[in-house]
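User: I've got a model open and I'd like to check the labels people put on it. Can you walk me through the reasoning?

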Amino acid sequence: MKNRNVTHRMVEAFQAAMLHNGISAGADALGITQPAMSRLIADLQRSMGILLFAKNGRSIKPTQEAHALMAKVQQSFLGLEQIVDFSDQLRKQKLGQLSISAIPSIGHSILPAVIRQLREKFPDVFISLRVASYIEVARHVKTRQADIGLTADTLSLGDLETVAEFPSECVCIGTEKWLDPRADHIHVGEFVNKPFIASSGTFQTRLNAWLSANGVQADAMIEASLFQSISDLCLEGLGIAVVDPMTAAKHQKRGGVALPLRPSIGYTVYATAMSDAKLSVPAKELIRLVAAASCAET
């Protein structure tokens, strides 16, 4: 018995392939990748138990069954062609908007300047920025509320995939009360007897492992959830902290001291999108600008 679980998306993919004379052109029309399009066609063929496209040299051609099915589809989905035309318009309009979701350490540091550069290059693009937790960034991308998600952790939930990585190194921040601004770095051993401002969450877990591996136990008497808050506390002279390089650069501009760490501890920014999404020109430019900003702050 054949699986009769035929979805509207499968039929839409089939009709697009027929109308645009091929899987690749049909995928372009629907705004999805060719592999995603091929999977939809393959699922439809399995569900219906018939071959719809056959290889003909280097190309594929619709079978007689495909032409018969197309006639039935056009009868059954009288308004589908108009819907496809309308969705094409929506996809074209997508070039005019860019939705970004980012964790605070990124959203509060480099993104304002990055968005300014994007606006200069794409003055007609409407840009939306959400600053949220790691889990919320994943949800925003997965539900297509965001075109691009920017985090410091890989998002490997379902259809999410990493489209770019920007590796850098963490930085120690404080004020002249605790750090020598003339030094070219600070060794982890110098953390001893200095008040330490810790962060909460997975970053602190990784940081604690790094401290332990270097035989140091930090004197943490204050904890904050955001790097921005940690920078604020450091500027009050309450101690030192380890943060990402973007927050450290902003901390230094505000009058604080920022020193490279020895030994180093990595901090990588990840750009994430849906696996079947085609990145718009503004989205690709966003990734380029984030890469440039990340390099500039290291």
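Analyst: Sure, starting with a helix on a sheet. Helix H8 (residues 134-142) lies across E3, E4, strand E5 (148-151), E6 and strand E13 (266-274). H8 runs at about 165° to E5. Keep in mind that this is a predicted model.

User: What makes the direction of H8 against E5 roughly parallel or roughly antiparallel?

Analyst: The angle is about 165°. Angles over 145 degrees count as roughly antiparallel, so that is the label for H8 against E5.

User: What is the strand order in the sheet under H8, and why are E4 and E6 called edges?

Analyst: The order is E4-E3-E5-E13-E6, an open sheet of 5 strands with mixed pairing. Strand E4 (126-131) and strand E6 (160-169) each have a single partner strand, so one side of each is left without a neighbour in the sheet. Neighbouring strands here are turned by 20° against each other on average, direction ignored.

User: How do you know that E3 and E4 count as a pair?

Analyst: Pairing needs at least two bridges, and strand E3 (residues 97-102) is joined to E4 by 6, so the two strands pair. They run parallel. One of the matches is Ser 101, whose bridge partner in E4 is Arg 130.

User: What makes E1 and E2 a pair, and which way do they run?

Analyst: Strand E1 (residues 53-56) and strand E2 (residues 59-62) share 4 bridges, and at least two are needed, so they pair too. The two run antiparallel, with Lys 55 opposite Ile 60 in E2. They form a hairpin with 2 residues between them. In the turn, Gly 57 has a positive phi of about 70°.

User: Why are H1 and H3 called roughly perpendicular?

Analyst: The axes of helix H1 (residues 8-19) and helix H3 (residues 34-48) cross at roughly 110°. The range for roughly perpendicular is 65 to 115 degrees, so the label fits H1 and H3. Their axes come within 9 Å, and the crossing is left-handed.

User: Which residues make that contact, and what makes up the contact by class?

Analyst: From H1 you have Arg 9, Met 10, Ala 13, Phe 14, Ala 16 and Ala 17, which meet Met 37, Leu 40, Ile 41, Asp 43, Leu 44 and Ser 47 in H3. By class, that's 9 nonpolar, 1 polar and 2 charged residues.

User: How do H10 and H11 pack, and what is their contact made of?

Analyst: H10 and H11 pack at an angle of about 35°, with axes 10 Å apart, and H10 passes H11 in a right-handed crossing. Phe 227, Gln 228, Ser 231, Cys 234 and Leu 235 in H10 meet Thr 247, Lys 250 and His 251 in H11. The split is 3 nonpolar, 4 polar and 1 charged.

User: Why is the contact of Asp 28 with Lys 278 called a salt bridge?

Analyst: The N to O distance is 2.5 Å. The cut-off is 4 Å between a Lys or Arg side-chain nitrogen and an Asp or Glu carboxyl oxygen, so Asp 28 and Lys 278 qualify. Asp 28 sits in helix H2 (residues 23-30), while Lys 278 is in the loop between E13 and helix H12 (281-296). They are 250 residues apart, so to speak linking distant parts of the chain.

User: How many salt bridges are there by that rule?

Analyst: The count comes to 10.

Conventions:
Residues are numbered from 1 along each chain as its sequence is written. This is a predicted model: local features need pLDDT of at least 70, side-chain atom pairs count only at pLDDT 80 or more; totals for chains, interfaces and linings use all residues. Side-chain values use heavy atoms; hydrogens and water are left out. Axes are lines fitted to C-alpha atoms, for helices over the stretch in contact, and angles run from 0 to 180 degrees between N-to-C directions. Angles under 35 degrees count as roughly parallel, over 145 as roughly antiparallel, 65 to 115 as roughly perpendicular and the rest as oblique. A crossing is left-handed if the near helix is turned anticlockwise from the far one by less than a right angle, and right-handed if clockwise. Contact means heavy atoms within 4.5 Å. Ala, Val, Leu, Ile, Met, Phe, Trp, Tyr, Cys and Pro count as nonpolar, Asp, Glu, Lys and Arg as charged, and the others, Gly among them, as polar.
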